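Here is a quick tour of a structure for someone who has not met it before. Have a look around first, and then we will go through some of its parts.

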Amino acid sequence: KNSIKAMEKELVTCGLQGKEKAALTRSQIFQIPGGKDLETKVIVVLGKAGMGKSILVQKICQDWSSGELSQFEFVFWFDCKQISLPEKQYSLKDLLLEFFVKPQEGSKEIFEYILQNPAKVLLIFDGFEGLHDHDNFPRCSASRPEKALCSVKELLSGLIQKKILNGCTLLLTARPKDKVYQFVSKVDKTIELVGFSPQQRELYITKYFEGLPYCDHALNLIKEREYLFSHCYSPVMCRFVCFLCETVLETGDENLPSTLTTVFLKYVQQKMMPMQTDVVALQNQESLATLARLAWHLGEKHQSALKSDLLPSKEVKEFALKYGFFLPFAFPNHSDTGEEEFGNTFSDFVIQNFLGALHLMLAEEIKDKSLTKYLSFPSKKKKPYNWLDVVPRFLAGLLFLQDDPCFCCLSNKDVKQSTKKQKTLLKYIKRLQINELCPERLLELFHCIYETQSSYLFQHVALRLKPDLSFLSVVLTPPDVHVLHSVLKRSRKEFSLDLRNSSIDIQGLKDLVGLKNVASFRASLSDTVRLWKSLEQTKDYELLRASTEKFVLDPFKARTMKDISDLSDLVEMQEKMISCVQDASGCSSYEIPAIKNLRKLEFALGPVCGLQGFLKLVEILAAFPSLQHLDLDALSENGIGDEGAKSLSEVFPTLRSLETLNLSQNKITDVGTEKLATALPSLLSLKTLSLYNNSICDFGAENLAKVLPAMASLRVLDVQYNKITGVGAQQLTDSLRKCPHIKNLVMWNPTIPYGVLEHLQQLDSRISL
């Protein structure tokens, strides 16, 4: 378990560093640099529910059928939530050639060809989370797995373990928080779908209403509801919002709901309302309550589909199919029995969430005091109660909507009970230690508060936020940004925001930075530069200047080549800023405060890109006039070597504020040390110099000894773990006598005889062993 946790942590960390949004063609999904043809390749496509993973899979199949993806002769696509239902056993042949497609003839020959040519086979498992529950995923233990009868889970396990059809390509789709990495030991490529950009949202909405007289009006109506428009980043939510907007406009109404809960209340009402008698309405209310209970109980098992014969009644099935809450599907005939089986799945994950929340509202057995355990913001460690992760938002919204006509038409329950549950929620939120919530729970609380539209709760939460809010490496979707913005603007406090590696879009960053009570912010350099370029293009010089004043860079740690490139772009942006500010205010010079005030810069690119990245960094070091601490000591060892040392020494005269220079573990020899030594006296503020664990010999020590008296500001020199002998140690000691300003010389080297070093220390107590 510990190794699995470590692997998951490593994958998450690696995935977030330098993560960039990029447009990929579908054929590029299968391009794996350095992949071995003889081994199974595993590709994981991540995306929140409704983000379009299944559509992507369908398009891949369509591409293949049109003659593209020619590297695959066979493509098999499985919907995991369907194939996991029948508790039956299959061989690999059954799964491929009976369950998926049944050839009219030659099954045996086709299967043998597949076994002999696995590299020509693509297997797609859509919705990987549908194949496993909380922690249970069986391992394939069959001695001849290609021929043995196994459950679908065991077959997939055998494919992942490369015991079955080794050399094929596996494409798994899953949600970002799914435990996919716990069951897949090696992932060759991970792709995450990020949803629609604001421009793509507008395009989708325009296409949806294309040809209708109110096309432009519909787009404007949706954009006016900023919260709904933010949710349109999700393709499935965009479809819901468009459907509702269409319904509203056709009835002559001009008002769209303002929250997600009211959207789905109105959606369900519009589905059920037409041509109803009182008897039908009552039957529908009962069927809806039963369906809501089913949605909740399936969600508790991490399921969204079930066999038709397990439905509570024929009436519920007909109701669910009639109003589009269910989609039917058929299981192919099994070769042994010839029996045909049918199943039903909720038409959409969000619908199942809404119905699950409705069940918690309507169920008499769920008392008001037990309601809070279904919310998902209790503490840092406690996990959300349920797989239906949008339920808390819908639940909070429904608790404040019991008088809404849409809610009343769905339920014949006593309003008093709902009022008691509402009071329970209010008391619970009052008792929450809001300033101790982790970022994910805090965002969930914001969403729940937003759904209630309660001014009191908005104010209560806003007043209790701590001034430093970090969303470091927490993905901020457009709706997340909207609710965060809504809460912050209601507070009188000043806030400092950390938005690095949050994948925040430019509009969201602009909205948050534009808040008057956001005093400072940190964000990924690429996002920040993109924002400034956007503001420059739109000539919004006021916000451009304000955002540069608020931006914080110190301390900065470069881990990738992209970090260095982004830092270079930032310096380049300063040159453009000078002309912008000059145009706006007539001032002839301007320094971006973040660049002016950078005091500590850590460099940790490792041995592969270390020298290349450092040479690029050196080109811009002069742009940071306040730089006090330059640290090149990384666990992975940057290895800038003599070339890097020479390049750095050339810019020493520009580093007037540098107090600490750490060049430890960088493979610097006497050659590089000579270049450094010549230029070191120009570092007029240098107090600490570390050359620990390099390859410096006596010649390098001699060069350092020569310049020590000229380095008046130096207090600590560390040259331990090099290759200095007693000769070099003696030269450094002799030089030390002329340097009363130096407080400590750390000089232990394995090549210096201990007796010599001990003697030198007796001569000068400032020498450390």
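## A helix across a sheet

Keep in mind that this is a predicted model. A good place to start is helix α6, residues 152-160, which lies across β3 and β4. Its direction makes an angle of about 120° with β4.

So what are β3 and β4 part of? They belong to an open sheet of five strands, in the order β2-β3-β4-β1-β5, and the pairing is parallel. The edges are taken by β2 (74-79) and β5 (189-192); each has a single partner strand, so one side of each is left without a neighbour in the sheet. From one strand to the next, the twist averages 15°.

Zooming in, β3 covers residues 121-126 and β4 covers residues 169-174, and the two are joined in the parallel sense over four bridges. One spot to find is L123, whose bridge partner in β4 is L170. As a general point, strands of a sheet pair through backbone hydrogen bonds, either parallel or antiparallel.

## A second sheet

There is also an open sheet of three strands, ordered β9-β10-β11, again with parallel pairing. Here β9 (468-470) and β11 (518-523) stand at the edges with a single partner strand each, so one side of each has no neighbour in the sheet. Neighbouring strands are turned by 15° against each other on average, ignoring direction.

Strand β10, residues 495-499, pairs with β11 in the parallel sense over five bridges. If you look for L497, you will see F521 of β11 standing opposite.

## Helices α11 and α12

Is α11 mostly buried or exposed? Twelve of its 16 residues are buried, so this helix is largely enclosed by the rest of the structure. Among the buried ones are P235, M237, F240, L244 and three cysteines, C238, C242 and C245. The cover over these buried residues includes α8 (198-208), α9 (215-224), α10 (226-231), α12 (260-272) and α15 (349-362).

The length of α11 (residues 235-250) works out nicely too: at 1.5 Å a residue it should span 22 Å, and its end C-alpha atoms are 23 Å apart, which agrees. After α11 comes G252, with a positive phi near 85°.

Now for α12, one of the helices covering α11. It is mostly covered itself, with eleven of its 13 residues buried. Those buried residues include L260, F264, K266, Y267 and M272. From first C-alpha to last, α12 reaches 19 Å, close to the 18 Å expected at 1.5 Å a residue.

## Two helices side by side

Further along the chain, look for α27 (residues 606-618) and α28 (residues 641-649). They pack at an angle of about 5°, with their axes 10 Å apart. That makes α27 roughly parallel to α28.

Which residues meet here? On the α27 side they are L611, F614, L615 and V618, and on the α28 side E643, G644, S647 and L648. The residues of this contact divide into five nonpolar, two polar and one charged.

## A buried glutamate

One last stop is E444, found in helix α19 (residues 439-452). With a relative accessible area of 8%, E444 counts as buried, because that value falls under the 20% cut-off. E444 and V483 are 39 residues apart in sequence, and their C-alpha atoms are 9.5 Å apart in space.

Key
Residues are numbered from 1 along each chain as its sequence is written. This is a predicted model: local features need pLDDT of at least 70, side-chain atom pairs count only at pLDDT 80 or more; totals for chains, interfaces and linings use all residues. Side-chain values use heavy atoms; hydrogens and water are left out. Two strands pair if DSSP finds at least two bridges between them. Axes are lines fitted to C-alpha atoms, for helices over the stretch in contact, and angles run from 0 to 180 degrees between N-to-C directions. Contact means heavy atoms within 4.5 Å. The expected span of a helix is 1.5 Å times one less than its number of residues. Buried means under 20% relative accessible area, exposed over 50%, partly exposed in between (1.4 Å probe, protein chains only). Angles under 35 degrees count as roughly parallel, over 145 as roughly antiparallel, 65 to 115 as roughly perpendicular and the rest as oblique. Ala, Val, Leu, Ile, Met, Phe, Trp, Tyr, Cys and Pro count as nonpolar, Asp, Glu, Lys and Arg as charged, and the others, Gly among them, as polar.
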